[in-house]
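Here are my notebook entries from a walk through one model. I kept them short, so please read along with the structure open.

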Amino acid sequence: MGEWQVQDVLTAEQFSRDELELVLHAARRLAGALCSGSVLQTMRGKILATLFFEPSTRTRLSFEAAMLRLGGQVVSVAEAKSTSAAKGESLEDTIRTVEGYADLMVLRHPEVGSAHAAAAATHRPVINAGDGAGQHPTQALLDLYTIAEEKGTVDGLTVGLVGDLKHGRTVHSLCQVLSRYDVRLLLVSPDELRMPTDIVGDLQEAGGKVEQTDDLQAAVSACDVLYMTRIQRERFPDPSDYERLKGAYVLTEELLARGHELTVMHPLPRVDEIDPGVDKLPGAAYFRQSANGVPVRMALLSLIGGQISRSGDSGVPTVV
Ligand code: NCD
C-alpha cells in the first residue's frame, strides 16, 4: 500500500486504488476502535470548519461526529442564509476568512466546481461534501467501504446505480471510485436522467464494464448490489419535469423477491424510491451505510490531519 499524499478531496477521480485501500484499512481500524470504546486523540488541538450552503443531515453530522471522536473540535455553518453569503460575500472571501479560524474545511455548496474554487483560495485542506450536481467524493468512500463490508469484496461484483444519474452527485463519484475495481456497472435510469456522457465515456475508455438500461426488474436479477437514488427535485429547472419523473423507480419487497442475495444501498434521504417494507430485509444496508460515514470520515480526517502536522501547517501556534 502506498503513502498518503492527499490534502484536498475534490473529486472521486483523484483517488488511486492504493489510496482507496488506505482509507478502507484505516476506516476498519477506526470502526474497531469505536466499538471497543477507545478514546482517540489524533485531531486534538485541531479545528474543523463545516460549511454547508445546502441542506444536509448525514454528511455534516457524521463529519462533525468524526472530528469529535478524534479529539478535535468543530465550528459550523449549517445554512447559507446564516452566513455573509446572504450579504453578497463571495465564496473565496468566506473561505479566506474561515482559513483564520480552522485547520481544515468541509464544504457543501450548490455550484458545480465550488470546492475547486475554495481549494484555490486557501492553503488549508478543503474537502468537497457535494458541489451541486457535480461530485460527492466522501460519500463514494463510505459507499465503497459499505460494499466491501457487506459483500466481503468489491472485485467481481455487479453493481446497479438506479434513479437520477444525471443530477445525482453521489453516483457520479461512486462510479469513478468503482472504476478502480473489477466491477460491472449497470446504470439504470429513465432516458432523460442518464449518467452524463463524459463520465460514461471516461469509464469506457478506462476499460470499464458499463451497461445502460431503464429496466429495474432486470437489474434486480442481475446485481449483487443495488444503489438507489432520489430524483433530485432541486436540480430541475422545470418543476413539471420533476413531477413527471418522480416515482420512476420504486423498490418493493415484491420486486426484491427475485434477488434475495441483493444488498440494497441508498445515500439517503429517500423520498419514495424504497418502500419502507424493504427496511426489514437483511440486505437493506442503507442505515448501516449512513452509520459507516463516521469511521470512514474519521479515517479521511486522520489521514489528512497527518499531512497537516507533517508540514507543520496546523495554523495553531504551540504554546509552551
Ligand atoms: C446525498 C447528497 O446530498 O447528494 N445525500 C448525502 O449526502 N447522503 C443524496 C441526495 O441528496 O439525494
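In which strand is the place of Gly160? I found Gly160 in strand β5, residues 158-162. For these notes, helices (H or I, at least four residues) and strands (E, at least two) are DSSP runs, numbered from the N terminus.

**Ground rules.** I am working with a predicted model, in which local features need pLDDT of at least 70, side-chain atom pairs count only at pLDDT 80 or more, and totals for chains, interfaces and linings use all residues. Residues are numbered from 1 along each chain as its sequence is written, and side-chain values use heavy atoms, with hydrogens and water left out.

**Gly160, continued.** I looked up its relative accessible area and got 0%, so Gly160 is buried. My cut-offs are under 20% relative accessible area for buried, over 50% for exposed, and partly exposed in between, with a 1.4 Å probe and protein chains only. I also took the C-alpha separation of Gly160 and Ser302: 31 Å, for residues 142 apart along the chain.

**Helix α5.** I checked the length of α5 (residues 137-151) next. Its 15 residues should span 21 Å at 1.5 Å a residue, and the end C-alpha atoms are indeed 21 Å apart. The expected span here is 1.5 Å times one less than the number of residues. How many of the 15 residues of α5 are buried? I get 12, so the helix is largely enclosed by the rest of the structure. Among the buried ones I noted Pro137, Gln139, Leu141, Asp143, Tyr145 and Ala148. Just after α5, I see Gly152 with a positive phi of about 80°.

**The loop ahead of α5.** I placed Gly132 in the loop between β4 (126-131) and α5. Gly132 counts as buried because its relative accessibility is 0%. Gly132 and Ala291 are 159 residues apart along the chain, and I read 23 Å between their C-alpha atoms.

**The loop that leads into β4.** Thr122 lies between α4 (114-121) and β4, in a loop. With a relative accessible area of 10%, I list Thr122 as buried. From Thr122 to Leu51 I get 14 Å, C-alpha to C-alpha, across 71 residues of sequence.

**The ligand site.** Which residues surround the ligand? I count as near any residue with a heavy atom within 4 Å of the molecule. My list is Thr59, Arg108, His136, Gln139, Arg169, Thr170, Arg230, Gln232, Pro267, Leu268 and Pro269. I then went through polar contacts, meaning pairs of N or O atoms within 3.5 Å; within protein, one must be able to donate a hydrogen and the other to accept it, and residues adjacent in sequence count only if both atoms are side-chain atoms. Thr59 has a polar side-chain atom 3.0 Å from a ligand oxygen. For Arg108 I also read 3.0 Å, from a polar side-chain atom to an oxygen atom of the ligand. Gln139 places a polar side-chain atom 3.2 Å from a ligand nitrogen. The protein covers 94% of the 320 Å² of accessible area that the ligand has on its own.

**Leu268 and Pro269.** Both are on my ligand list, so I gave them an entry of their own. I find Leu268 in the loop between β9 and α11, and Pro269 has its place between β9 (263-265) and α11 (286-291) too. The peptide bond from Leu268 to Pro269 is cis, with omega near 5°. Phi of Leu268 is near 65°, a positive value in a residue other than glycine. Leu268 is buried, at a relative accessible area of 11%.

**His172.** I found His172 in helix α6, residues 169-178. Is His172 buried or exposed? It counts as buried, at 3% relative accessibility. What does the side chain of His172 reach at 3.0 Å? I get the backbone oxygen of Lys166. A polar atom of the His172 side chain also lies 2.9 Å from the backbone oxygen of Leu165.

**Leu203.** My last stop was helix α7 (residues 197-205), where Leu203 lies. Leu203 counts as buried, since its relative accessibility is 5%. I took one distance here: 9.7 Å between the C-alpha atoms of Leu203 and Leu185, which are 18 residues apart along the chain.

How values were computed
Areas by Shrake-Rupley, 256 points an atom, 1.4 Å probe, with all protein chains shown as cover.
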